[in-house]
Structures are given as C-alpha cells and as structure tokens.
Amino acid sequence: MADLSAFIRGLPKCELHVHIEGTLEPEMKFRLAARNGVELPYASADDMRKAYGFNDLTSFLKMYYEGMDVLRTEQDFYDLMLAYLERAAADNVRYAEIFFDPQAHTGRGIPFAVVIGGLARAQMDGEIRFGIRTRLIMCILRDQTPEYAMATLLEALPYRERILGIGLDSDERGNPPLKFGEVFRRARAEGFLLTMHCDPDQPDAVGHIRQCVHDIGVNRIDHGVNAIEDRLLCEEIKGRGLGLTVCPCSNRLIGGGSKAEIVMRMLDLGLRVTVNSDDPAYFGGYIADNFRLVAEETGAGREALLQLARNACEATWLSRAGKDALLAELEEYARSS
Ligand code: HPA
Ligand code: ZN
C-alpha cells in the first residue's frame, strides 16, 4: 500500500467536485477571524475540528455556512483559493473545476464582485505558482427560492468569462432539480454548462437524477451514486457520456458509507465515474485521500485508479485538445511509474 499510496499521490489528477468554501481549514478560520475582528466560539483550531460532529447533509451544511462568516474581504477569498491550490498541487492536481456559493456571501452583505474578484486573482496567481489550471462553477443554493437563484444568475452575467458552468447544491430534501427548471434553462441559453448535486441516499434520489438527465439536460452529475439502482438510467448516463463526481470521504462522514463499492461497479459498467474531494476541510480528505479510500475499501489497483483519473480528464469541460493534453500526461505517468 505504501507503493500504491505514492502512485496515487503522483497520479496527475483533475478535480471536478470541490467547494472552495469547503476548503476553509480551521487554522485559516482563526487567521481570518483575527484579521476581521470576528469572534469564534472555539478556543482553538483543534477544538473547532472536534466540534465537527455531523451525521447527515443538513447537520454538515449548518457547520459549513457558519464557518463562512470569517470570509469578508477580497483578500480573504484570495487567501482561501490560493491555499487550496497549494494543497491541491501537493496531490498533483493538474486541472480543477471549482464550485463557489455566491449566495452564501451576498446573503450576508458581501458583494458578488468581492467574492469573484478574490477567487479570480488567486486562480491567476495559482496557475503561475503551482501550474494548476482552474475554472469556476457557480452553484445555486437549492434551499433558497428560484427567484433568488435567477437574480444571482443575472448578477453573474457580467462575469461570464470567469464562470464556466452553473451547479446546484445545499439541502436536497424537498428541493428537486425541477424547482430550478427555468433558471437552468436561462443559464444554458446564456452559454453556461450545467451540473447539479444528487447527493447519496436523499429522498427520491433516483427521481432527482432522472430529472437532471431528462428534464434539465445536465452536462455532468455531482455524486449521483443512486443511479446504480436503475439499470436503464445508467445506460442513459453512459450513452450521454455524463461524468459522475463521487466523493468517498464526504459520503463516509455524511452517513451511508463511502460508496467506494458503487464507484467500482460503475467503473465495471463503463460509466464515466470520477473521484473527488467535496469539502476536504470538513471531511478529512483531499483528492488523493479519496483515491486511497477507494483503494483500501475495494482493493482497487493501479489500472482501476488510472481509469478513474482518465474518466476525470474526459469528464472535464475542456476542449478535446485540452482533454487530450491531460490524458497524454496521465499515460506518460502510467508508463514511467
Ligand atoms: N452537498 C450539497 N451541498 C453542498 C455540499 C454537498 O456535498 N457541499 C457544500 N455544499
Ligand atoms: Zn458537493
């Protein structure tokens, strides 16, 4: 496993499911709190970590939104993104499509321009310093109204060259994809690519995945492991070449296990399944840790792990040439390691 662990760390990776706000480590929360004069209800970063006792999506989200309160200035968003990119470089992430949640900031009075300005400046510096190319995906909060979602989409239009796609996250219970049908139609018409969270084992999980595929016409599915329960749906997902962005460490802490076995079954079915990190500061694992968890739980070897990494190259929203450049790097690694 020591060997396999090094192989995993060095594997050139694409990260397709990471929430930038979910990379906010307790140590950085304390630094930003001090800088911004915010009081935290914990004595130390370790105390804060110990208080992360979630057991489902709702209890995780409560911590996640509370934690963001320390993010106030353009520099804060810059520091957050740059720290993530430095950490991702240690796992040999070569390319990342990164979620951000503007409503979690505009809703508490932080201007959209402050959020995207800091993130974009760090993306440029991060590419130069760490060699990681990145794009942003703007997520809509599904437990807010469609009207607020539409207003946020319109607010994003002046920044459209900085945003590759639109996603849907937050609490899925009672908030199906179709609640945002009109918003996502408009987003597509504006030229954005589309993805949506279909978190594991949510009420009507398979129905939500069907809505994503049939009604919304997504270009990717975030999580989506419950598709395995419906053979026809799997065939449609495969036929459309849709990537599925599974996050084993996140699944493990949110309840119901890592779903690593489902990742392997999806791989066997020829689905474009990928492994990602979701909210690594909360779920205790960056992308290499997620690959390791799959290997430990299923016995997956080099060839399966390579295929997961290949799937991620194909599931990116890069051009054919962009995907091929990443795939060539991966094949070179496979030959030489
Ligand atoms: N699911 C839904 N919403 C989220 C998540 C997640 O895993 N992470 C951050 N927002
Ligand atoms: Zn997520």
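**Close-up 1. An irregular zinc site in a predicted model.** Four donor atoms surround the zinc ion (ligand 2), and the angles they subtend run from 81 to 173°, which makes the arrangement irregular. A tetrahedral label would need all angles between 85 and 135 degrees, so this site doesn't get it. The donors are NE2 of His-17, NE2 of His-19, NE2 of His-197 and an OD atom of Asp-278, sitting at 2.1 to 2.2 Å from the metal. Along the chain, their spacing reads H-x1-H-x177-H-x80-D. Of these ligating residues, His-17 and His-19 are both buried.

**Close-up 2. Phe-100 meets Phe-112 edge-to-face.** The structure has twelve aromatic pairs, and this is one of them: the ring centres are 6.3 Å apart, with 70° between the planes. Phe-100 belongs to strand E2 (residues 93-100) while Phe-112 belongs to helix H7 (residues 112-130), so the pair ties together parts twelve residues apart in sequence. Both Phe-100 and Phe-112 are buried.

**Close-up 3. Seven rings, one aromatic cluster.** Here Tyr-52, Phe-54, Phe-60, Tyr-64 and Tyr-65 join up with Tyr-282 and Phe-283 in a single cluster.

**Close-up 4. Arginines over aromatic rings.** Arg-121 lies over the face of Tyr-78, 4.1 Å from the ring centre. Elsewhere in this view set, Trp-317 has the charged end of Arg-220 over its ring, at 4.1 Å from the centre.

Methods. Residues numbered from 1 in each chain as written. Chains lettered and ligands numbered in written order. Predicted model: local features only at pLDDT ≥ 70, side-chain atom pairs only at ≥ 80, totals over all residues. Heavy atoms only, no water. Phe/Tyr/Trp six-rings, centres within 6.5 Å; stacked < 30°, edge-to-face > 60°. Helix = DSSP H or I, 4+ residues; strand = E, 2+ residues; numbered from the N terminus. Buried < 20%, exposed > 50% of the residue type's maximum accessible area, 1.4 Å probe, protein only. Lys NZ or Arg CZ within 6 Å of the ring centre and 35° of its normal. Donors = N, O, S within 2.8 Å, 3.2 Å for Na, K, Ca; no water. Tetrahedral: all angles 85-135°; square planar, octahedral: opposite > 155°, others 65-115°.
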